[in-house]
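Please look through the structure below with its cysteine residues in mind. The paragraphs that follow take up the disulfides one after another.

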Amino acid sequence: MLFRRRARMLRWLVCGRVGPVWMWKALLLFVAIGFAGQLLGVIFNKSSVQTAGRTIFTSPDAQGPSLGSCQQHTHIMFLKTHKTASSTVLNMLYRFGEERDLRFALPLGYQLGYPLPFNAHRVKGYRGPRAVEFHIMGNHMRFNKPEAEKVMPADTFYFSIIRNPVALAESSFAYYKEVAPAFRKAKTLGDFADYPNKYYDPRLRNNHYARNLLLFDFGMDHNANFSLALAQHAEEMIRQTFKLILVSEYFDESMILLRHALCWPLDAVVSFSLNARQQKPSGIGGVSGSWVGKVATAAGVGGKGGRLQAKTVTNITEEQREKLRQWNALDWHLYKSFNRTFWEEINQFGHAQMEEEVALLKMRREDLARVCLRDGGKPVEAHRIRDKNIRPYQSGLVKILGYELQPGLDNATRTACLRMIRPEIQYKDVLDAKQFPRPLAAQAQPVQQNQGLMVAAGGSLLRHDSSRTGERAVGGEAGVRTVEEGERDWDGSRLMRRNRTLIGGNDKGRLR
């Protein structure tokens, strides 16, 4: 009897005051469902972020229009000519090869013996003709076909890029003003155009930048007096080796032709202009509204207009432009001939198809810029780029612009975006470290012992350190533009000049 009373009392307490058992069971079930949903939501959100980040590089748009049943080229030799948007092309080759673990024919330093004729032993890891399979070679060299053939396989695809000699002269004058004696003596490009023989001495080192630079890079005599027979012979020698010659003024059309020739996906030829110089506001007219378009035009790429178009050169007259064509007559012949061939190839390709694929290329570039680049791709001066590992080296009397990555990217997207904006010098170092990993003992050496001399454009010596900031000119000829006194780093610290070495005001060891 007592036991029954206590049982009834317990049921009353549980059911009456706390609630029925079924209610507790339902409550526990709802709690379990809510917790599971929250957990799945977190996982789903993380997966969605990662998927969204990867989609831009793995979407069908990355492949582009169908190329049919062609076979992809992986043995490629690119003759990297000077001041022709060739750094942008080399970045594409670097990206393509790195993503597929291809082997690069890299220089021992930063150039393949330039300005001397190329020699196979300038390639790091070269052990004799065809002893090692190299897939891609594209650093600066003065072309030497027999030596190049020792390094590259027999089925290698050879190509290069050219630019209107007038625009090329203007760019060379700005970059190599303190490197080439002929340019250094002249006050302005117009002054040089009026009296080239007054300033030019073919015996002086680095004066090759001042006359027929294209022909020089192709390995021929750039000082020879012009004759039609000589110019045609040079043209024929180039045609025998190079299967495609791109035109810098029509960069986007060039990339479409290159894509089809190499059987590459669209993303492999989408790029952001690298090694572009800062332009004065009045320097160029008719520039597109986007920052990507502005930098592309500044680099001499993506131009429109006449088929022998040259970007407007500032501060020289039409008469002086004609004098520059005559002074660079051999280059002018090459440009006219290969520009004509270029448009013949576009005619065969089909103008309607070309316009369609160029539009897709531009759209893809804008999409990647929105994802990858800070402020929609607005280029910035080197000392304002927060990540010092992607600051472009400075050369000549102009400022070389770079990019900043969009913050908050997932690892996969950041890696792909970083490849697109990594400057040439730093990218070469990355590839070199992968192909020729150093022993752990060497990696552990102090930074001071890792400092060395880099041969810059024109043969001037630059001292660089492991930070790769690239903002010091130490020794050698003054071939590199240093930051002006009083300029500030991105974080506001003042940059000072001390014995031609730039030092951050708030961190004196940073830019030394």
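**Disulfides in the predicted model**

In this predicted model, the link of Cys 70 and Cys 263 is right-handed, with 75° about the S-S bond. Cys 70 is found in the loop between α2 (21-58) and β1 (76-79), while Cys 263 belongs to the loop between α11 (251-262) and α12 (291-298), so this pair ties together parts that are 193 residues apart in sequence. The sulfur atoms of Cys 70 and Cys 263 are 1.9 Å apart, and with a cut-off of 2.5 Å for a disulfide the pair therefore counts as one. As for accessibility, Cys 70 has a relative value of 35% and counts as partly exposed, whereas Cys 263, with a relative accessible area of 10%, is buried.

A search of the whole structure finds 2 disulfides, and another of these joins Cys 372 to Cys 417, with an S to S distance of 2.0 Å. Here the torsion about the S-S bond is about -65°, which means that the disulfide of Cys 372 and Cys 417 is left-handed. Cys 372 lies in helix α15 (residues 351-372) and Cys 417 in helix α16 (residues 411-421), so that this link ties together parts that are 45 residues apart in sequence. Cys 372 counts as buried, at 0% relative accessibility, and Cys 417 likewise counts as buried, at 0% relative accessibility.

When the bonded cysteines are counted along the chain, the disulfides of the protein follow the pattern 1-2, 3-4.

How values were computed
Residues numbered from 1 in each chain as written. Predicted model: local features only at pLDDT ≥ 70, side-chain atom pairs only at ≥ 80, totals over all residues. Heavy atoms only, no water. Helix = DSSP H or I, 4+ residues; strand = E, 2+ residues; numbered from the N terminus. Buried < 20%, exposed > 50% of the residue type's maximum accessible area, 1.4 Å probe, protein only.
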